[in-house]
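Grab a pencil and work through these exercises with the structure open beside you. Try each task on your own before you read the solution under it.

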Amino acid sequence: MKIRITNKIKVMEIRRSLCLLALLGVAKGATNQSSSTTTQTTATSNTWQQQQQPVEYYKHLNAAANLGDFHEPHLTRSSVIFGLTKVVNENNVNLLCESHLRQVQHGILSKQPWAMKVLDASGTKPSGFVYGQNYWLGSREACKGVQHPVGITLSKNFERVMHHGLITQQAPFEMDYRVVYLRHNSPWQVEIKLMSEQIIHIGLCLPRACTGGEVKQLAGEYVSRGMFAENDIFDIQPEVLYLKDLELSDAFYQRTSFRLLVICVLATCALMLCAQQNPAGEDSTKETTVGLAPTESELWRVLHSLLRWEQLQQFVSCYDLPGNWAKIFVVRSIPTQKEIPVLNGLRSVCAIWIMIFHVVWFMYFTVHNKTVLISYAEQAFFQYVSSAPLLVDVFFTISGFLQTYNFLRNAAQLDAVRQNGWRKNLKLFGKLLFHRYLRLGPLYLVVMASVDLVYAYIGDTSVYHINERFDEMCSRHWWRNLLFIQNLFDHRDMCASWSWSLACEMQYFILANSLLFLYAKHPRLTKTLVTSALVSTTVWTYIIGLRIEFQLSFDAAFATGTEIYTSPFVRVLPYILGAITAWFLLEEAKQPEVEPNKMRNRCCWHFALFVFIACIYSTIRRDLGSLLAISLFVLGRLFFSLSVCWMIRGSARGRGVWWSRILEAKGFQHLSRLSYAIYLLNPLVIAFFYSLTSASTHADPLMLCVVTCGFAVIVYLASIVFSLAFELPYSNLSSLILRRSKLKSA
């Protein structure tokens, strides 16, 4: 018995000695590395107290050792950062890393302020795991406070119970914040099947001496040994995937998209500068320098001598910044005869509406209560958000209408198609396709390059696991976007998945032009083909929906996105209806004007609005069988598009009601000109800002409204910049080429 007691006493003495050495070493390291006077004063004061009061100091040391014995098993099981210090050895890490992790362990057990900050900054399991809380991120800012003193001044006039070392004391070596990603297989979490729900993010404040590979190996050993307490409670069965150091890699600046964007931006700025040096505007052949400063005048003389070619001077004038600015903001009090006012309102409202949906969609990947967010989407009040993807059909309807309306109304072009042979018509067809590409392509391609660059950036620096790595997709499949055929492939392999509708529109443009060229020579055959296409797309949708057992739930809708949501064969229905509406409107214009029944006209307008809203709210019940679900999908889109067609027809004929006049307001003319840029940019802007946050968000309806307003302002400003730089100049160039072509033919 005496031998056992003696051995126990020796063990306690050795343990106390080790704690003393650790404390002295840490205090010495902290004093040497501290640059602030306050830190030095605190360390000196602590040393003086140790010398003057050795009895109390040793009592405190003994208490710390005993407390360490008590808390060590709990810390090993509950804290990942402490668990890593328990599995570290000279065989799995370098010597410096092992030494620093050992110091972290001893510092925590002896409750050194810098080590307690390390423990506090590292993530542990918070509440809410059942509903999707997989973000155990700790605090990135707190980890920075371990390395650098917190910039805060506290008055000495008040007594505080806090340890002053929490502000002043620094780690004796350099620390970094990193994130380890684990895949879990717990049956105790609601699995929604909307990408990356089962990825646990664990933020760790670690010594910089430990490499990423070593930390990943340590984390793997920690979870494989069964030391993780949450594994026992929630059956997590974790698997270490990878680790991020949240540092931008050198390869970022070597990306092709980075070089292309730099060249594109520099070239655009140079062309805008050249355009400003030409005060003559479109009459660029005049050699005048009135109103210019001497330096600017001399610069223009040099540029003018280089730009002797008149066509090149006209090309530069397309980048005139004040002129393009005026085109964005000009508002006509009285619309022209060619303009249908309600189209501006429909475009603007739907663009903002879809942006609101994207705010919620991209928030899903950062919220820690995913289940609650999805439950909001199924409530009646929030149906206007969850059904927003249906609004894409509004754009398809408008595009089909305008394509047919402008083609059939152009009598000269229609006569030329009738008289031309197939070679000339093929040439005219290619010309129309070229101008379409010229107007849509530049901004679209710049945004695609920006998507590649932004996702490469957030893939390196964001604390979140980025499920949709568009940077990888864009690097592999950029040619699909270049040819506007990305929607013909799996929606998970797209570069910027929201661009699928733009690919559909380009494909429908080619199809519609082919049918319109055919209509000019064979009207009956074309009508038969259009009717057949209308029936075929309906039958095709039913067949596909029944084959894949389509359902309206969010997980099923996402899983069947390639077959139902992005398929051009399924989504062509509203485009065809818009084209038929344009044909009917032009045929009505040939008939004598008949005074309409005002009451019936108002009833039809209100009924169209009722159908529009009813289709938005038709999916409030999502637990339907396959046949009923696909029927609701097809019929809902059919009546939804017909309601939009009625609005367009009524506005074109100058008939409306009070709410239709709101859509015809002058302010929507301005927003309509930005709708294309808003459509392309809003997902990129929203995803970028969400990914830069360092803490997970909470799904709350009130805060969601505030966040949406902020995103609306940011997207609006970004759309103005991108439109001025990459959309309007090429729209001007297209108009310039068309004018020159008409002059030559005349």
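## Exercise 1: Around one threonine

Leaving aside neighbours within four places in sequence, threonine 76 touches Phe82, Gly83, Lys86, Tyr222 and Met227. Keep in mind that you're looking at a predicted model.

**Task.** Find where threonine 76 sits, and decide whether threonine 76 is buried or exposed.

**Solution.**
- Step 1: look up the element. Threonine 76 belongs to helix α3, residues 54–78.
- Step 2: check the accessibility. Threonine 76 has 10% relative accessibility, and buried means under 20%.
- Step 3: put the two together. Threonine 76 therefore counts as buried.

## Exercise 2: The whole chain

**Task.** What does the secondary structure of the chain come to, and what share of the residues is buried?

**Solution.**
- Step 1: go through the elements. The chain comes to 32 helices and four strands.
- Step 2: turn to burial. Of the 746 residues in the chain, 49% are buried.
- Step 3: now the contacts. Take those between residues at least 6 apart in sequence: 81% of them join residues at least 24 apart.

## Exercise 3: Rings and charges

**Task.** Describe how the rings of tyrosine 364 and phenylalanine 365 pair up, then look for a charge over the ring of tyrosine 364.

**Solution.**
- Step 1: start with the full search, which turns up 43 aromatic pairs in the whole structure.
- Step 2: pick out one of them. Tyrosine 364 and phenylalanine 365 have ring centres 5.4 Å apart and planes at 85 degrees.
- Step 3: name the geometry. Planes over 60 degrees apart count as edge-to-face, so the pair of tyrosine 364 and phenylalanine 365 is edge-to-face.
- Step 4: check burial. Tyrosine 364 is buried at 2% relative accessibility, and phenylalanine 365 is buried too, at 14%.
- Step 5: add the charge. Lysine 370 has its charged end over the ring of tyrosine 364, 5.5 Å from the ring centre.

Here's another charge to find: arginine 480 lies over the face of phenylalanine 489, 3.7 Å from the ring centre. And if you'd like a group of rings to colour in, ring pairs link Phe252, Tyr253, Phe258, Tyr457, Phe688, Phe689, Tyr690 and Phe711 into a cluster.

## Exercise 4: Two helices meet

**Task.** At roughly what angle do the axes of α22 and α23 cross, and which residues make the contact?

**Solution.**
- Step 1: locate the helices. Helix α22 covers residues 500–521 and helix α23 covers residues 523–547.
- Step 2: follow the axes. They come within 6 Å and cross at roughly 145 degrees.
- Step 3: list the residues. From α22 you get Leu515, Leu518, Tyr519 and Lys521, and from α23 you get Pro523, Leu525, Thr526, Lys527, Leu529 and Val530.
- Step 4: sort the residues of this contact. Seven are nonpolar, one is polar and two are charged.

## Exercise 5: Salt bridges

**Task.** The structure holds 18 salt bridges. Work through some of them and say how accessible the partners are.

**Solution.**
- Step 1: take arginine 436 and glutamate 505, with their closest N and O atoms 3.5 Å apart. This pair links distant parts of the chain: arginine 436 is in helix α20 (residues 422–461) and glutamate 505 is in helix α22, 69 residues apart. Arginine 436 is partly exposed at 21%, whereas glutamate 505 is buried at 13%.
- Step 2: move on to arginine 469 and aspartate 471, which meet at 2.7 Å, N to O. Arginine 469 is partly exposed at 23%, but aspartate 471 is buried at 4%.
- Step 3: finish with glutamate 588 and arginine 653, at 3.0 Å between the closest N and O atoms. Glutamate 588 is in helix α27 (residues 573–590), and arginine 653 is in the loop between α29 (626–652) and α30 (658–663), 65 residues away along the chain. Glutamate 588 is partly exposed at 24%, and arginine 653 is partly exposed at 26%.

## Exercise 6: A phenylalanine in a loop

**Task.** Is phenylalanine 381 buried or exposed?

**Solution.**
- Step 1: find the loop. Phenylalanine 381 lies between α16 (370–377) and α17 (383–386).
- Step 2: compare with the cut-off. Exposed means over 50%, so phenylalanine 381, at 56% relative accessibility, counts as exposed.
- Step 3: measure across the chain. The C-alpha atoms of phenylalanine 381 and tyrosine 617 are separated by 9.4 Å, with their places 236 residues apart along the chain.

Technical notes. Residues are numbered from 1 along each chain as its sequence is written. This is a predicted model: local features need pLDDT of at least 70, side-chain atom pairs count only at pLDDT 80 or more; totals for chains, interfaces and linings use all residues. Side-chain values use heavy atoms; hydrogens and water are left out. Rings of Phe, Tyr and Trp (its six-membered ring) pair if their centres lie within 6.5 Å; planes under 30 degrees apart count as stacked, over 60 as edge-to-face and the rest as tilted. Buried means under 20% relative accessible area, exposed over 50%, partly exposed in between (1.4 Å probe, protein chains only). A charge sits over a ring if NZ of Lys or CZ of Arg is within 6 Å of the ring centre and within 35 degrees of the ring normal. Axes are lines fitted to C-alpha atoms, for helices over the stretch in contact, and angles run from 0 to 180 degrees between N-to-C directions. Contact means heavy atoms within 4.5 Å. Ala, Val, Leu, Ile, Met, Phe, Trp, Tyr, Cys and Pro count as nonpolar, Asp, Glu, Lys and Arg as charged, and the others, Gly among them, as polar. A salt bridge is a side-chain nitrogen of Lys or Arg within 4 Å of a carboxyl oxygen of Asp or Glu.
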